[in-house]
Amino acid sequence: MLMTWEDRFIPGVIELWNREAVRDGYKELTEQSFRGIFTDSRYFDPEAAWVMLDQRGTVRGFACGCTGDDLPLGETAGYLTCIVLDDEFQTEENYRGLLAALERRFRSLGKKQAEVLFFNPMQLPWYIPDTPRHEHNNAPGVPAGSGLHGFLLREGYAERAQECGMYLPLGEFAIPEDIRAKERKAAEAGYRVELYDPRRHDGLAEMLDGFDNPLWKRQIPEYAEAGEPLVIAALNGKAAGFAGPVVRQENGRGFFVGIGVHPSHEGHGLGSVLFFKLCEAFQQIGTDYMSLFTGMTNPAMRIYEKAGFRKVKTFAVMRREF
C-alpha cells in the first residue's frame, strides 16, 4: 500500500534507510539528520514523499522528490531525491509504483521532466570507500551500478552525464614548484591569489555574474559577508576568480562551494593556482581531508589528480521528459 507523507512514518523510514540505503554507501540517518535533509527543508512537499507499507503497516519503501521554481531548471523540472526499498520488496512493480507516484506529483505541478541532479537541495551524505568513515556531504546523482540506477535506465531515464567523486587526505599535501611558478608568472601580470579581504578587494558580485551558476551568485557573497575565508584571484584589487569558502566541517572534511575564473581573466593559469592555494588553506586550518565531485570529462580533473585526489565513486545524472 502506498501512502503520502505523515511524520509518524519517520522511525520506520529511518530503519529502512539504515538497512538498505547504506548498502549503496549512503550515511546512516538519525531523526535529527532525517529531518534536516527532508522534512525541515523548505522544498519538502508531503505530496512528493511516499511510503510503501506491508500488510502489517511496516515501512518497506520510501520515495522522495522535491520541486521549487527558484531551483536550477526548477520551473520545468522536479527533482528525484531517492527511492529505497527493502531487499525482498525490490521488484520492478514496487519501484515503478513509487516512481509513478513521484512523477504524478511533478506533472500535477506543471513540470515537464524529472531530474536526478547535483543541484538537488536535499543533499544525501555518503561514505567515501576505503577511508576511516570519511564522508561527502552530497550525492550528485544515482550511484552508478546500483539497483535504482538500472531501474531508471529501464524506465527510460537518460544518463546525461557521470559525476566522479574524488578524495584527498591533506596530511602530506604540498604545492608543487610548477604551480608556484604559475603563481609567480601571474603576479608579473598583476594578479594576486590570496584570502579575500573586503577592505582591500572589491568586484566580487561582478565577478560572479560572469558564471552561469545561480548558486554561486547567491552563496559566495553570503559566505564572504559571514566572514568565512575565501581564496580569490585579484587584479588591482578587483576579483577575477575565486575558490572556496574555506570551511572545516565537524567531521574534519574541507567544505567548499566551487572554483571559477572569470572568462575575461582566463589564460593566466589562475584556476590551477586557486585550487592548490585552496587545498593549502584547508591544510593550514587543520582540515583532515577534502572531497569533491566533477564531471568525468571535465578538464579540471587533471588539476585535481595533480593535487593528489583519487577517484572513489561514480554517480549518474539522469533525466526523463514527460
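Two strands are taken to pair if DSSP finds at least two bridges between them, and strands (E, at least two residues) and helices (H or I, at least four) are DSSP runs numbered from the N terminus. The legends below describe a predicted model, in which local features need pLDDT of at least 70 and side-chain atom pairs count only at pLDDT 80 or more, while totals for chains, interfaces and linings use all residues. Residues are numbered from 1 along each chain as its sequence is written, and side-chain values use heavy atoms, with hydrogens and water left out.

**View 1. The hairpin of strands S2 and S3, with the pairing of S3 and S4.** Strands S2 and S3 are antiparallel and share five bridges. Five residues separate the two strands of this hairpin, and in its turn Gly57 has a positive phi of about 85°. Leu53 is placed opposite Val59 of S3. S3 is also joined to S4 by six bridges, again in the antiparallel sense, with Ala63 and Ile83 of S4 as bridge partners. Eight of the eight residues of S3 are buried, so the strand is largely enclosed by the rest of the structure; buried means under 20% relative accessible area, exposed over 50%, and partly exposed in between (1.4 Å probe, protein chains only).

**View 2. The largest nonpolar core.** A nonpolar core is a set of buried Ala, Val, Leu, Ile, Met, Phe, Trp, Tyr and Cys residues joined through side-chain atoms within 4.5 Å. This one has 37 residues, of which Trp5, Trp17, Phe34, Phe38 and Phe62 touch the most other members. Elements giving two or more residues to the core include helix H1 (10–20), helix H2 (31–37) and strand S17 (310–321). H1 supplies the largest share, five residues. Beyond its neighbours within four places in sequence, Phe34 has contacts (heavy atoms within 4.5 Å) with residues including Trp5, Ile10, Val13 and Phe62.

**View 3. Lys277 in helix H8.** Lys277 belongs to H8, which spans residues 270–284. Its relative accessible area is 18%, and Lys277 is therefore buried. When residues up to four places away in sequence are not counted, Lys277 touches Ile175, Arg180, Glu183, Val193 and Val231.

**View 4. Backbone features in two loops.** The loop between strand S12 (238–244) and strand S13 (247–248) contains Pro245, which is joined to Gly244 by a cis peptide bond with omega of about 5°. Asp130 is found in the loop between strand S6 (126–127) and strand S7 (135–136). Asp130 is not a glycine, yet its phi is positive, near 60°; its relative accessibility is 75%, so Asp130 counts as exposed. Arg133 lies in the loop between S6 and S7 and has a positive phi of about 60°.
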